[in-house]
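Good morning, and thank you for joining this meeting. Please look at the structure on the screen while I describe how one of its sheets is put together.

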Amino acid sequence: MTEVLSYKYATEYRFSYDDAFREERGLAALDSETGASLCKYCCGKMHAAFRSKPKKSVIGQQYPTNYSVDECLSCGWWRVDESTGSDSMGLFISRTVGELRRYDTSSISIPLDELRSHLRSNPKDLAWVNPTKFEKLMAACLRDAYSPCEVRHVGGSGDGGVDIILVTSSSEKYLVQVKRRADLSKKEGVSAVRELNGVLFREGECKGIVITTASGFTKSAKSETNIKTPTVGVYKVDLFDIADVVRLLGLDARPNKKPWELFVDDESAGFHYDSDEVGRYIIRT
Ligand SMILES: [Zn+2]
């Protein structure tokens, strides 16, 4: 079982930073509130990752906004300082720090995109993923693979043999069965395919997909993917094994952006916050 470290969450601090405040508290005191030159998680050295070009303030105008980003090279924790203000307000420092979260790979609460990017580089951990979470993950992957399309996750207990329903833009409907196997080296047997054929018969549909984390499918499983029927023609079942799962996971592989880059991408736009129900600040993606 592995842990996934996430830096997606951010916490914002705001300080008044005029001369009086500075004298009273001292710059060091301000820094110590969120960690200064050493990483507060692993005590690694913080490294200057980004500095905006310093802009001078003009009397009578609003202070320009300056950014600086520091990050820990060993664990990835980061800190963004945004200084801004106006003549009437004085100068303010907004400090936004990455928040380190740990998730168990088998946990249902791990955010889907964290899990997806973790599994892309650690496919062996597919063996640990919570089965319902894996169904949801595959639903997200199919959405990318068949886009534009409609995807519905219908799995869970009493799913009636269907975990995902996929309808493509050309109105082709696929019933999808997902198997998260703990042993990635085994082959998926015929029963998963046979079961899906039964569901296709019951639902009057003719296209299906079996997705498994197993290394492949047995010969007899493959032999039941094109069953001719007297009513709807042929039951066509596509088989996706672990290699296909890894390929699906990589479909949305965006360039690996550091979380703080979302803050300083567009300097003029400044920071973007969405507040979730528990009042934390999350970087808008
Ligand atoms: Zn660190």
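In which sense do strand 12 and strand 13 pair, and over how many bridges? Strand 12 and strand 13, the latter formed by residues 233-240, are antiparallel partners, joined over four bridges. Within this pair, Asn226 faces Lys236 of strand 13.

Before going further, I should state that this is a predicted model. The chain contains eight helices and 15 strands. Of its 285 residues, 25% are buried. Among contacts in the chain with a separation of 6 or more, 61% join residues that are 24 or more positions apart.

Let us now turn to the sheet itself. As general background, strands of a sheet pair through backbone hydrogen bonds, in either the parallel or the antiparallel sense. Here, six strands form an open sheet in the order 6-7-8-10-13-12, and the pairing is mixed. Why does one side of strand 6 and of strand 12 lack a neighbour in the sheet? Strand 6 and strand 12, residues 226-229, stand at the edges and have a single partner strand each, so one side of each remains without a neighbour in the sheet. On average, neighbouring strands of this sheet are turned by 20° against each other, if direction is ignored.

We may follow the sheet from strand 6. Strand 6, residues 149-153, pairs with strand 7, residues 164-168, in the antiparallel sense, and five bridges connect them. One of the positions to find on the screen is Glu150, whose bridge partner in strand 7 is Val167. Strand 7 also pairs with strand 8, residues 173-179, again in the antiparallel sense, over four bridges. In that pairing, Ile165 stands opposite Leu175 of strand 8. The hairpin of strand 7 and strand 8 has four residues between the strands, and Ser171 in this hairpin takes a positive phi near 65°.

Which helix lies across several of these strands? Helix 5, residues 190-203, lies across strand 8, strand 10 (207-212), strand 12 and strand 13. Relative to strand 8, helix 5 runs at about 145°.

Finally, I would like to consider one residue in a helix. Asp144 belongs to helix 4, which spans residues 131-145. Is Asp144 buried, exposed or partly exposed? Asp144 is partly exposed, because 16 other C-beta atoms lie within 10 Å, whereas a buried residue would need 20 or more. Asp144 and Leu251 are 107 residues apart along the chain, yet their C-alpha atoms are separated by 6.8 Å.

Definitions and conventions. Residues numbered from 1 in each chain as written. Predicted model: local features only at pLDDT ≥ 70, side-chain atom pairs only at ≥ 80, totals over all residues. Pairing = 2+ DSSP bridges. Helix = DSSP H or I, 4+ residues; strand = E, 2+ residues; numbered from the N terminus. Axes fitted to C-alpha atoms, helices over the stretch in contact; angles between N-to-C directions. Contact = placed C-beta atoms within 7 Å. Buried ≥ 20, exposed ≤ 12 C-beta atoms within 10 Å, placed from the backbone.
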